[in-house]
Structures are given as C-alpha cells and as structure tokens.
Amino acid sequence: MTLSRRSFVALLGGGTIAAAGGGAAAFAVTRTPHAALAPWDMAGGYADPRARALSWALLAPNPHNRQPWTVRMDGDDGMTVWRDPDRDLPVTDPFGRQLTIGMGCFLELARMAAAQEGFATEARLFPDGEGPGDPIAHLRLIDDAAVPDPLFAHVLDRRSHKEPFRSDPVTPQAAASLTPHCRVHLGGPVHAVLLEQANAAHLAEAATPAAWQESIDLLRIGKAEIVADPDGIDVGGPMLEALARLGVLTREAASDPNHPAARGSIEATSDAILSAPATTTIVTATNTRLDQIEAGRLWLRQNLAATGAGLALRPVSQALQEYAEVRPMHDAVHAAAAPDGGTVQMLGLLGHGARTARTPRWPLESRMV
Ligand SMILES: Cc1cc2nc3c(=O)[nH]c(=O)nc-3n(C[C@H](O)[C@H](O)[C@H](O)COP(=O)(O)O)c2cc1C
C-alpha cells in the first residue's frame with residue numbers, strides 16, 4: 001500500500017481537523033516520535049568501525065520499512081548479515097524479491113559508509129547458499145585507503161518521496177545524474193504505460209483483501225505505536241494523531257477500501273502516481289538473488305543521485321509484484337520496459353515535490369544478534 005499522510009488528511013474532512021485544531025502547535029511538538037527517529041542522528045556515532053558502517057546502512061530504503069536486516073559481528077573485522085524471515089511480506093512479496101532488493105540497498109550503504117573512512121568492504125554474497133535462514137553476506141572491513149563516494153553526501157537527505165509531484169518537468173541534465181544507475185523515461189509512450197499500469201496495480205491491490213490487509217497490519221498510527229514499533233507504515237503527525245484520538249482514523253476504517261477514509265487515501269495515491277512527470281526503471285536480464293542485490297545497490301545509488309540533483313523519487317512496486325491480481329499490470333510493464341526480456345526490478349516515479357519527512361528506524365542495537 002502507498003498511503004500518504006496528506007491523503008488521510010485530505011479525505012477526512014476539514015471540519016474534523018478544525019475541531020481538533022486547538023493547541024495544535026504544542027501538540028505537534030509533543031507528538032513527534034523522537035525516539036523512533038533517533039537512529040538518523042546516531043549514524044556514525046559508534047566506536048567500532050563496523051558498527052559505524054551499520055549505523056548508516058540501517059537508514060537504507062526498504063519495502064514497507066520492514067528493516068529485515070540482522071547482523072552478527074565476527075572476530076575483529078567481520079560481519080554476517082541475514083534477512084529476518086519474521087519480517088517477510090508473503091502476499092505482496094511472495095518470493096522475497098523486494099526484501100532482497102532492500103538488503104542490496106543496505107549492503108551498498110554499508111559499503112559507502114565504510115569507504116567514507118577509508119575501509120574497503122570485502123563481500124561474499126550468499127556464502128552458504130540461498131536457503132531460508134542462510135546469510136545474505138559475509139562482510140569484512142579492510143583498512144585499505146578505499147575511495148569515498150560522492151553520493152554519500154546525500155544519505156541524510158535521501159527519502160522515498162510520498163507526496164504528489166509538481167508539474168515542472170525533469171530536465172535531461174538532471175536526469176543524466178541518474179542514468180548510470182537506471183533508465184529514465186522523460187515522458188513518451190513507455191512513461192505513459194508505466195504510470196497507467198502503476199496506478200492500475202495500486203487499485204488492484206486495494207481491491208485484493210489479502211494484499212491490502214498486509215499493509216493495514218503494518219500501520220503504526222500515532223506516536224505511541226510508532227515508537228513501540230519503529231517500522232512499517234508510520235501514520236503520524238499532530239493532525240492524524242488527533243483524528244486517531246477522535247476515533248475518525250482507525251485501523252478498521254483503513255482496512256475497508258470502501259470506507260470514505262480509505263477511499264480518499266486510495267484516490268490521493270492515484271493522483272500522486274499520475275502526477276509524476278518522469279519514471280525510472282531498473283531491469284535485470286535474469287532474476288537471481290544476486291540480480292536482486294545488485295538492483296538494490298543501483299536503487300540506493302539512484303535515490304542518492306536524485307537527492308543530489310534536487311529531485312524527488314518514489315518507488316511504486318505494485319505492478320512488479322508476483323500475485324495473480326496484478327499479473328496483467330506486471331505483464332504490461334514488462335512488455336513496455338523490458339520488451340527484449342528480463343525482470344523490471346524497480347519502477348520509480350521521478351519529479352519535484354514537497355519534502356517527505358524521515359521515516360522511523362529501529363536502533364542498531366536491536367538489529368544485532
Ligand atoms: C524494493 C522496495 C520497494 C518499495 N516499494 C514502495 C512502494 O511501492 N510504494 C512506496 O511508496 N514506497 C515503496 N518503497 C519505499 C519504502 O516505503 C521506504 O524505503 C521505507 O518506508 C523507508 O523510507 P525512506 O526510504 O524514506 O527512508 C519501496 C522500497 C524498496 C526498497
């Protein structure tokens with residue numbers, strides 16, 4: 001699901017919001033989930049260089065903000081990285097393809113953070129095979145005068161955009177900074193198909209109870225829930241929290257796609273998708289676990305490059321998913337963006353827009369085994 005905070009506000013009606021508005025400024029200050037956002041300020045603040053690299057890596061984008069990574073320190077310079085199966089998304093990511101892409105984002109950000117301090121990262125991917133429970137990687141930091149990566153400068157400003165896009169186009173010059181990492185579609189017929197199918201798949205998800213419910217189960221409504229579980233889909237801020245307290249914004253309302261609250265949110269997300277002036281795709285020839293990790297590395301770099309170019313980038317994944325109800329959109333996206341075969345691993349909406357807030361993170365200590 002791609003619920004936007006603004007869309008919930010849009011649909012729930014100004015009257016209620018106004019009624020909840022008294023003392024809003026003070027309420028806003030107290031309702032920011034500082035503890036859930038603290039890992040953004042703690043990045044790099046550890047004694048062990050491995051912990052420093054990981055403290056940056058956990059800021060990586062990842063599906064539904066599940067943060068499925070767990071890590072063990074090995075000896076003086078090693079680490080083993082796993083993907084936690086308890087954080088799977090069995091309906092919308094039945095093969096763990098997207099979650100593996102998220103692990104690729106994590107590994108790339110760890111590598112960049114280590115390089116920033118001159119450490120090279122030796123990575124052995126799937127060292128014990130690809131079975132459930134097998135590690136994703138063995139990593140070793142080598143003090144080796146590694147070259148810092150200019151994209152690292154944008155890590156703290158990177159976001160997955162969630163708001164509508166403004167109408168101003170993406171210039172070819174701005175797009176050029178992304179093209180080492182993806183294909184950019186600046187309008188034209190492929191772009192039109194991608195937007196249309198992304199929206200159709202979003203609507204299909206809303207109409208598929210098991211898929212929709214998977215997102216509802218991950219809603220964290222209000223500060224207390226966000227701080228208790230700093231992952232999933234955070235629905236916070238003073239406005240929405242006030243509505244939740246008034247019983248207007250509830251999990252039950254959101255889970256019924258015909259409820260006015262949910263319907264407004266679904267429509268607002270459609271508007272946001274269709275507003276994108278450009279799209280991006282990452283296509284791999286095959287669809288192995290290594291391809292998925294590589295797609296994640298590319299997505300992270302693309303996201304950072306977009307940030308550096310002043311552009312907003314939002315993944316829209318519904319049309320790339322592997323369940324029956326979105327199969328027609330999956331096939332149409334592949335016919336348009338991968339006509340010679342291959343797998344479209346990531347589809348991004350690209351443009352300009354109001355800045356999205358930071359999303360919560362579990363602290364590093366909670367991810368260590
Ligand atoms: C493989 C993958 C798929 C994603 N799919 C979507 C999506 O369909 N819609 C969306 O709004 N965000 C999507 N995201 C973005 C995540 O929601 C986002 O990374 C997460 O909430 C953390 O927020 P941040 O990237 O702003 O730090 C995806 C991210 C990844 C890595």
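This report describes helix packing, one long helix and several individual residues in a predicted model.

## Packing of H5 against H6

Two packed helices are described by the angle between their axes and the distance between the axes. For helix H5 (residues 49-57) and helix H6 (residues 97-116), the axes come within 8 Å and cross at roughly 130°. That angle makes H5 oblique to H6, since it falls outside the ranges for roughly parallel, roughly perpendicular and roughly antiparallel, the last of which requires over 145 degrees. The crossing in which H5 passes H6 is right-handed.

On the H5 side, the contact is formed by Pro49, Arg52, Ala53, Leu54, Trp56 and Ala57. Their partners in H6 are Phe106, Leu109, Ala110, Ala113 and Ala114. By class, this contact has 10 nonpolar residues, no polar residues and one charged residue; the charged residue is Arg52, because Arg counts as charged.

## Packing of H8 against H13

Helix H8 (residues 188-206) and helix H13 (residues 260-274) pack with their axes 9 Å apart, at an angle of about 165°. The two helices are therefore roughly antiparallel to each other, as angles over 145 degrees are classed in this way. H8 passes H13 in a right-handed crossing.

The residues of H8 in this contact are Leu195, Ala198, Asn199, His202, Leu203 and Ala206. They meet Ile266, Thr269, Ser270, Ile273 and Leu274 in H13. The contact divides into seven nonpolar and four polar residues, with no charged residue. An α-helix has 3.6 residues a turn, so residues three or four places apart point the same way.

## Helix H14 and the residues after it

Helix H14 (residues 289-308) contains 20 residues. From its first C-alpha to its last, H14 reaches 29 Å, which is close to the 28 Å expected at 1.5 Å a residue. Of its 20 residues, 16 are buried, so H14 is largely enclosed by the rest of the structure. Just after H14, Gly310 adopts a positive phi of about 75°.

Ser177 lies in the loop between helix H7 (172-176) and strand E5 (183-185). Leaving aside residues up to four places away in sequence, Ser177 touches Ala305, Gly308 and Ala309. It counts as partly exposed because it has 18 C-beta neighbours inside 10 Å, where 20 or more would be needed for a buried residue. Ser177 and Leu107 are 70 residues apart along the chain, and their C-alpha atoms are separated by 22 Å.

## Positive phi in the loop before E1

His64 is found in the loop between H5 and strand E1 (69-74), and Asn65 is found in that loop as well. Each has a positive phi without being a glycine: the value is near 55° for His64 and about 50° for Asn65.

The two residues fall into separate burial classes. His64 counts as buried, with 23 C-beta neighbours inside 10 Å. Asn65 has 19 other C-beta atoms within 10 Å and is therefore partly exposed, given that the buried class begins at 20.

## Ala35 in H4

Ala35 belongs to helix H4 (residues 34-42). With 14 other C-beta atoms within 10 Å, Ala35 is partly exposed, because the exposed class is limited to 12 or fewer. Ala35 and Ala272 are 237 residues apart in sequence, and the distance between their C-alpha atoms is 30 Å.

Conventions. Residues are numbered from 1 along each chain as its sequence is written. This is a predicted model: local features need pLDDT of at least 70, side-chain atom pairs count only at pLDDT 80 or more; totals for chains, interfaces and linings use all residues. Helices (H or I, at least four residues) and strands (E, at least two) are DSSP runs, numbered from the N terminus. Axes are lines fitted to C-alpha atoms, for helices over the stretch in contact, and angles run from 0 to 180 degrees between N-to-C directions. Angles under 35 degrees count as roughly parallel, over 145 as roughly antiparallel, 65 to 115 as roughly perpendicular and the rest as oblique. A crossing is left-handed if the near helix is turned anticlockwise from the far one by less than a right angle, and right-handed if clockwise. Two residues are in contact if their C-beta atoms, placed from the backbone, lie within 7 Å. The expected span of a helix is 1.5 Å times one less than its number of residues.
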